[in-house]
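Got the viewer up and a selection box ready? Follow along stop by stop, and pick out the residues as they come.

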Amino acid sequence: MTESVLALFGQESRPDPYSLCRRLREAGPLHRTPLGLYLLTRHSDCVTVLQNSSWSHADEAAQLHGEIAADEAAEELPTSFLWMDPPDHTRLRRLVAKAFTPRLVAGLRPRIGQLVDQLIDNALDAGEFDLIETIAYPLPLTIVCELVGVPASDHAMVQQWSQWLARGFDPEVLLPEQARAERSTASRDFQAYFRALIDERRRRPQDDLLSALATVEDQGDVLTGVELLTSCVTTLVAGHETTVNLVGSGILALLRSPDQIQVLRDRPELIPAAVEELLRYDPPVQLTTRSAKGPLTVGDHTFADGEGVVVLINAANRDPAAFSDPDRLDVTRFHQRTPTPPHQLAFSLGIHYCLGAPLALLEMELLLEQLLRRVRTLELRTDDPPYKPNIVVRGLAALPIAVRG
């Protein structure tokens, strides 16, 4: 299985990691990697780890980026509360969530709908276009930038920095020198950019997340300077990079399953369930890590204190023990089924469940609603669309399609 483990992290597996995931899962629930971490391949084991806060998420920098000095990790990899444990995780996430409420997200519906209409207008005018460039990036990037308070003139700049940071989350040993240098540049420039923007908001607050974060308090607690900067970077990067992949991979999956497009045209009430299925079928984030605050037992293996695991979200979401016929796209899978299907793990579970999940779901739902209503024909213009080199935050580099209204 060593060959399959190595192949899973190789560039050749980017278009289809799922065949290798199936091979690993069928060979056993655990596989040790050259990094010393164990791969978890089965849905039940992944759920056990993600739901249990006895498994730490504070060691990912050391596990995948051991070449970075511990005192430089926060500067090089600004992940805020993503890689924290309670009580710091609880405190910081609560402060950020106070300024990023469900009510705020619901209030974005008209603006998202307006932007979706505009992007579809542009697509119909073009006829043939790259979906990633024309829709998948502009939709979530524009919304999260407006939410945070980043001016439109800076969107292209922060998009580039975000792409470099997303690539930089891959295991350090697999990153070329250029990718490491780009990540360092993005991290440094992002934090300097937000430092200046925060100073401006403190002088002249506006109706945006940046102003709210700069002044947010909870039971007398406030964000420190470093926490504020990394929370801004995390919110902006996580608030669009994963959604770009959801849009790109989701539309590709539907184009390759035209019968499922017809199901959604006939039954648009299925769209929310369809988005859950697209997340299960091809998750934007393919893996995450945890370490045992142990000893802890998963399956028939006991992990020692500090021992690490890689939770293969891509393998878990295609586990036939959890999902029937898992390699088939079924937009009805999560719609009013009895018994209720297991959770798909694209947004994780437990205390690290994605804070931005409601926004990503809303954006994708509104996009599908409008596409199916306004676009009569969607055609894939290539059988082999190119993928970004990213392993962790995996997605398409381009998706040429043609549309007719």
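Start by selecting Arg183 and Glu76: their side chains meet in a salt bridge, 3.1 Å from N to O. The term stands for a side-chain nitrogen of Lys or Arg within 4 Å of a carboxyl oxygen of Asp or Glu. This pair ties together distant parts of the chain, with Arg183 in helix H12 and Glu76 in helix H5, 107 residues apart. Helices here are DSSP runs of H or I with at least four residues, strands are E runs of at least two, and both are numbered from the N terminus. Colour by accessibility and you'll find both Arg183 and Glu76 buried. Buried means under 20% relative accessible area, exposed means over 50%, and partly exposed is in between, using a 1.4 Å probe and protein chains only.

Before you click on, some ground rules: this is a predicted model, where local features need pLDDT of at least 70 and side-chain atom pairs count only at pLDDT 80 or more, while totals for chains, interfaces and linings use all residues. Residues are numbered from 1 along each chain as its sequence is written, and side-chain values use heavy atoms, with hydrogens and water left out.

How many salt bridges does the structure hold? The count is 26. As a reminder, side chains of opposite charge can pair when their charged atoms come close.

Next, select Asp325 and Arg328, another salt bridge, with the closest N and O atoms 3.0 Å apart. Asp325 has 44% relative accessibility, so it counts as partly exposed. Arg328 is partly exposed too, because its relative accessible area is 39%.

Now pick Arg337 and Asp330, which form a salt bridge whose closest N and O atoms are 3.3 Å apart. Is each partner buried or partly exposed? Arg337, at 37%, is partly exposed, whereas Asp330, at 9%, counts as buried. Back to the first pair for a moment: salt bridges with shared partners join Glu76, Glu172, Arg180 and Arg183 into one network, so those four are worth saving as a selection.

Keep Asp330 on screen and add Leu312. Their C-alpha atoms are 21 Å apart, with the two positions 18 residues apart along the chain. Leu312 sits in strand S8, residues 308-312, and counts as buried because its relative accessibility is 0%.

**Backbone stops**

Go to the loop between helix H18 (313-316) and helix H19 (357-374), where Pro339 lies. The peptide bond from Thr338 to Pro339 is cis, with omega near 0°. In that loop you'll also find Gln336, a residue other than glycine with a positive phi, near 50°. Gln336 counts as exposed because its relative accessibility is 69%. Still between H18 and H19, select Ser348. Ser348 isn't a glycine either, yet its phi is positive, at about 70°. Its 10% relative accessibility is why Ser348 counts as buried.

There's another cis peptide bond to look at, from Pro86 to Pro87, with omega near 5°. Pro87 is in the loop between H5 and H6.

**The largest pocket**

Turn on your pocket display: the largest pocket has a volume of about 330 Å³. Of its 16 lining residues, the closest to the centre are Ala74, Thr79, Ser80, Trp83 and Met84. On a 1 Å grid over the protein atoms alone, a pocket is an open set of points where a 1.4 Å probe fits, with protein on both sides within 12 Å along at least five of seven lines; lining residues have an atom within 4 Å of a point. The volume is the space filled by probe spheres set on the points, which are joined across faces, edges and corners.

Helix H5 (73-76), helix H6 (88-98) and helix H14 (225-238) each supply at least two lining residues. Which helix gives the most? H14 does, with 3 residues. By class, the lining has 9 nonpolar, 3 polar and 4 charged residues. Nonpolar covers Ala, Val, Leu, Ile, Met, Phe, Trp, Tyr, Cys and Pro, charged covers Asp, Glu, Lys and Arg, and the others, Gly among them, are polar.

**Last stop**

Finish at Leu174, in the loop between helix H11 (155-168) and helix H12 (177-203). Leu174 counts as partly exposed because its relative accessibility is 37%. Add Leu35 and Val173 to the selection, and you have a nonpolar surface patch of about 250 Å². Such patches take residues with over 30% relative accessible area and no salt bridge, joining nonpolar side chains (Val, Leu, Ile, Met, Phe, Trp, Tyr) within 5 Å and like charges within 9 Å. Accessible areas come from the Shrake-Rupley method with a 1.4 Å probe, and for residues only the protein chains shown count as cover.
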